[in-house]
Amino acid sequence: MPSIALLAPVLLPLLAAGVITAFGLGGFNLGRIAAGAGAWAALLALLVVWLPLRSTQELDLGQLGFGSPFQLRIDAVAFAFGLMVLVPAALVLTLQRRSWQAAALGALGVAAAVGAVEASSVVLTALAGGTAATLAVIQLDGEDIRAPRPKWGMLLAAWLALSWAGVILQVRGGTAAYAAVPVSALTPPVFALIAFAGLLASGLVPWRSWPAQVWSRPSLRAAGLVVATLYPLGFYLLVRSYEMGDGRYPHIAFQAVLATWGVVVALGAAARAQSAATRRGFLGEVIPGIGGFALMTVALGTPLGLVAGLITLAFAAAMTGCLALLPDRGGPASLVAIAAAVGLPPALGFGARILGIESTFEAGDFFGFIGVGASIVWVVWMVAGARATGLPAGRGRPAPETSPRVAMAVAVVTLVAGPALAVIQSAYANPAQADVMPFPAGAVSGGLTSMVTVSTVLPVVALFVPLLIIAVLAFGAARSSLIRTQPRPPLFTFPWTGAIDRLRREVASASLPEQYRSLLDLRALESAAAGGRPLVWLASLAALAFAVTR
Amino acid sequence: MEPELLLGSTLALVLAVVFAPPRAPRANLLTWGLLGLAGMAAIAIAPTLDLIVLILLVLAVLQARLASHRDFATRLRAPVLAVVLLALGLALERMQGPVVLDRFGAVGIVAGLAAAVGLLPYAHEFDPEESLVASPIPWIAFVGPLLAAAVVSRASGVVAADAGDAFGAMLIGLGLLNMLWGAVGSWRTENDAAAWRYSFMSDWGLALCGFGLAIADGRAAALIILFSIVLGRLPLYLWSRQALREKVPTDRPINLVVAAVLAGSAPFAGFPARVLLLRGATQLYWPLALVLAAAMLLWLPGSLRLGRSMGVPRGRQAVGVAIVLALNVLLGVYPQPLLTLAGL
Amino acid sequence: MAQLLSAIATHALALVFYPGLVTCAVFGGLAEIAWLSLTAGGWSWPDLPRRRPTPVLAAVLVCSILAAVQLAAPFNPVPSEERSVVVAAIALAFTAWAVLALTVELVAEPRLLLIVQFCWLLAVLGPAVQPETLRPQVLGNVLVPALLPLKIACGALYLLCLPALLRLWPFAPPGDRRTRRRVDAARALCWLPYCGLFTTLFFTPPGDDALGLLRFFGITVIVAAVLMGVGVVLERRGAALTRSLYMRVIPPYALLVLLGAVVTSFELR
Amino acid sequence: MAGAAFVAWVGAAIVVLADGRRGQALGLALLAMSLAVLAWPAGMAAGSVAIALGGLIAAVQCWRSGPAAWGIMPAGSTPRLILCIASALFVFWLAASVTSGPDASLRFAVIVVSGLMGARVLMSRDTSVVLTGIAALALALGLASGLAAQSPGPGPAIVGGLIAAGVLFVPAAPIPSAIQAASPAPTDSDGA
């Protein structure tokens, strides 16, 4: 495979955006066809580039001009995250009708996200990720400017922070290429910047952040695509950090703090999910919740944790595709989606979370307590999921942007994919883990039928296949008509959420007391500073002269 | 750096004239634009700072002679102050005396540069209703970039080594002042045209910081920022003037794209400039990079406002906007050719 | 392939017969009859045979048999290294909330139940933190003196939580309008997993012989009997005392257990 | 040379203190001649001629435009007088005492003329006064290159002379009538 083929997963969506624009300007809306084709073609290209060799491939196209070469790299990590971005994006681009402008922007966003994943260096990832973020904001505002969207400043802060981390690596270590950064260059402050960028880029915070907010938009066309393209990128940074740190973060405290933060994020989402007034409200919290679990395991710093995290992220990607296409009405599609989301056994989500919790115990020290916490959070998710099955549907999305059958198919696939956990682990997660954690102590093994960890074996095929058959028989015989749709009170509310809201409102409405306003009269300041007054100039000159004598 | 900026300014003039709004005085724009270009060409080839200062004086007098809402003397004040400060700064640098004199000389040059361009604390008086060519905008967005590049490059041969630190520190200090004031001003000021002017200032703040860092990365950042002013912000401002008069804010995707260009978001030209600036600052003194990174976030609110103030470009103007966006993307993703051309 | 098919068959056997569905149903049925006899003076058949099962029962069935096969029951066809306490705990946790899917009115004291379940999870998983293993029989076999106090404390917490989790408490769901108390099929399926898990985690694992079988089920029956006794006491003392117990005693005790677990982990580092 | 520097100051001071065309022209002429004298020994013979010619042309043009009066030190010009004297004393101290080297007169003339002309332009709103100040400033700038250790040649002086000669001929565009009516009448001495 010529190395120039590495460009294909980025170029094909770009090409699709070009074609859509050209036809769009001519009055033809090729949006859905071309954008979908572009995304699927990119996915195909990624598979074609990676699968035959299954080894790292690089393409160097020279310097770009800001200290970073235009170097693309497809390794197991890029492949895994590429799939996470492309599969749900291709699904929603293909199945949702949108204007040619939105389709072109969507295709560009996909290209940028894949570019971020394929980039071989931190700075290039920042450029591509920043582009994806910009396009995401434009897509969302273009669709509905009044609807919730990620704060642009927050996204910009994330990618600027990453850029800064990248240039620090360039200055201190001579390079920001993931594979070449000296371990000593990944100092705690640099990693703190990367982690900050990762958390902000994916909105991994305990309060209601953009991955939850965008699901409350009247239309979910742009929201689904944005979550599909942007959400995995923050995790990507955390995974790549292992590669730069030779398999670990610069200090174990980062692992502990980030893993705990992941549990807190999942708890925040679970708490909101169990108090959601509508099913849409619950479903909006699903991705942040899964993200919290993924963060917990990815940050543990063990091979098992990373593998569990990658599988959880793949599950999140599948759920993104599902939720973006799910209509706001009752029925089997919603039920199956909820069951898959909360990780009913033997679903993929169940297996991934079990592995994740096991990984905390096997990580040793106090990490086991994080696992206890994660189990408790999972219980809250169970409550939320059970409660959500009978909640009113919610706002009511436009029918043309939904596809209940495909949504249900995706949910069913994640439900029945539990037995395939070992296959996913061997083919998808293990190679990525091996790429960034070169020392295999504690690595996950077990072939295609079981997942063998240090302390246990999870016989996914032998245990989950019969369980699945029993589940199918049991649920097939059950009557779902007994589920009563009704407003349901939340089980609990955090006592401090009201206080936080009050504080936020007070800060937002804070104003300077009347008697001090003359001191900070912006108009007067403006006229003094920018009014072209010689006296001000003279005073400034004196100030400068005084400053240089210090 | 100057020839590249001259090229950029020429391209900006072409864009401005060809894609000007229907009611814009094209001939006037072209005439005065060409005159400005001639002056800029003279500045670019001038071997000494003395000649640059004299050319600056000529350009100031010629511009002040244009019909305007402001009187002749008022419009000349800031440029003449610039000329005097630059001249005094040069004189002090050339005298043999204590080090403090060299530093005062550096003060003169830096303050003169700020006054010539119209940056804080020497901002030119601005009248939103004034015609474009007679307003301070040509100084800050058309002549200024090349003038600044020329002054800084010539000053490096004049400013004594002992005063070099003070020279850089002052540029960075004024850069930060302009960044903060410009970013906040473009967000909070009442008048949309004034907001545009402040947005130029904020970009200039980045450029001054780049020059002040006195290393290749800083200069490269400054060059990209100046290019983005000339080939991004200036044409966009020109095309927004009609909508500014009509005061119809619009929220179309194109307005957001323009906001992204103005905010320096990836993949537009501002982003690599910011990356280079952060790199330069990290090499020099990392807390400066922290301050810069924090300040860079202030661009967004103002940029969103300015993007919305642009209206919906139609016809030729839309083509112009598309070209500007394409140029900014090119510069944002692949600035290497420009930097190579400038020897950076 | 043959190995895989054999493994599937073995696990299917475990899930359906022993210690899975059939065993759970028999054990649970007997426990339910005993419980109803104690509290209502008699019993009647559950609704199940007369109608199609509810999704709740389906979910409980799947989860309870998954939990059951994780037990260290003698002759369990699932190899010991393939069992996990996390799988058992999470699967059992699902069973407590499945009924909420139908309507909120069928869950009595949901907030209290949630708190109790948190405490129960701590009791199950707390002893696994320091040994860094999740194999139930290994945890049951832990007899390190430094870990014994924690193990005993967790065992007590486990037992205190079980009456609530098995709903052997004097709270009736607001939507329960049945006049006659029937065998609760969903609860019946949970008796063995809950009680058996206690035996697994807090007693040394029995051998795969008749004596072992007797020992395992003997302890499990005793646990069930103790629970019924506690349940009867709670029924007689009334809802106020029960609420007070589960609100004011168990959570602080769970916090103490957590503290103990942290201190133990710290000491044994 | 010291005398030429003094005359340059006198010329600059007259430009600052005079509001009439004749006074301005006189100041400009004195300034041009003295600066030309100072330029000659600085190795800028051609530049010296250019400065003299440019200054004289400007002085003649100035004589022919603006109010036909001398207008030297009108009422209210005390601050300007103080400015002239104080600046002379300060720059004299700077050129003679703080700095070293052989060109003290040149240093004095360049700094004091540039400073005073800058102040004159900033103080006034009258177009002819401003233009006179600019012409004088251009002459001083042309001379300033003589301070450099390696002379840049006569280029700056010639350009300065040309600017001085031409600047008073540049036609001023009228302020739109609507704005003129709305604005307060310009005065010569505001800001003084």
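**Notebook: helix packing, chain contacts and odd backbone spots**

I started in chain C, where α4(C) passes α8(C) in a left-handed crossing. For handedness I used this rule: left-handed if the near helix is turned anticlockwise from the far one by less than a right angle, right-handed if clockwise. Before going on, I noted that this is a predicted model, where local features need pLDDT of at least 70 and side-chain atom pairs count only at pLDDT 80 or more, while totals for chains, interfaces and linings use all residues. Residues are numbered from 1 along each chain as its sequence is written, chains are lettered from A and ligands numbered from 1 in the order in which they are written, and side-chain values use heavy atoms, with hydrogens and water left out.

**α4 and α8, chain C**

I looked up the geometry: helix α4 (residues 85-97) of chain C and α8(C) pack at an angle of about 150°, axes 11 Å apart. Axes are lines fitted to C-alpha atoms, for helices over the stretch in contact, and angles run from 0 to 180 degrees between N-to-C directions. Helices here are DSSP runs (H or I, at least four residues), numbered from the N terminus. The two are therefore roughly antiparallel to each other; my bins are under 35 degrees for roughly parallel, over 145 for roughly antiparallel, 65 to 115 for roughly perpendicular and oblique for the rest.

Then I listed who touches whom, with contact meaning heavy atoms within 4.5 Å. Val85(C), Ala88(C), Leu92(C) and Thr95(C) of α4(C) meet Cys190(C), Pro193(C), Tyr194(C), Leu197(C) and Leu201(C) of α8(C). By class I get eight nonpolar, one polar and no charged residues. Nonpolar covers Ala, Val, Leu, Ile, Met, Phe, Trp, Tyr, Cys and Pro, charged covers Asp, Glu, Lys and Arg, and the others, Gly among them, are polar.

**α9, chain C**

Next I checked helix α9 (residues 210-237) of chain C: its 28 residues reach 40 Å from first C-alpha to last, close to the 40 Å expected at 1.5 Å a residue. Expected span is 1.5 Å times one less than the number of residues. Its buried residues include Phe216(C), Phe217(C), Val223(C) and Leu227(C). I call a residue buried under 20% relative accessible area, exposed over 50% and partly exposed in between (1.4 Å probe, protein chains only). The buried residues of α9(C) pack against α2 (21-40), α7 (148-165), α8 (185-202) and α10 (239-267) of chain C. Just after α9(C), I found Gly238(C) with a positive phi of about 100°.

**α7 and α12, chain B**

Over in chain B, helix α7 (residues 161-188) and helix α12 (residues 286-296) pack at about 20°, with axes 10 Å apart. That makes α7(B) roughly parallel to α12(B). I see Ile172(B), Leu176(B), Met179(B) and Leu180(B) of α7(B) meeting Leu288(B), Val291(B), Leu292(B) and Ala295(B) of α12(B). The split is eight nonpolar, no polar and no charged.

**Backbone oddities**

Most residues other than glycine have a negative phi, and most peptide bonds are trans. I flagged Ala214(B), with a positive phi of about 55°; Ala214(B) is exposed at 54% relative accessible area. Arg167(C) has phi near 55° too, and is partly exposed at 27%. For cis bonds I have Pro345(A) to Pro346(A), omega near 5°, and Ala266(B) to Pro267(B), omega about 10°.

**Chains**

Of the four pairs of chains in contact, I noted that A and C share the most contacts. Chains B and C have none, their closest C-alpha atoms being 38 Å apart.
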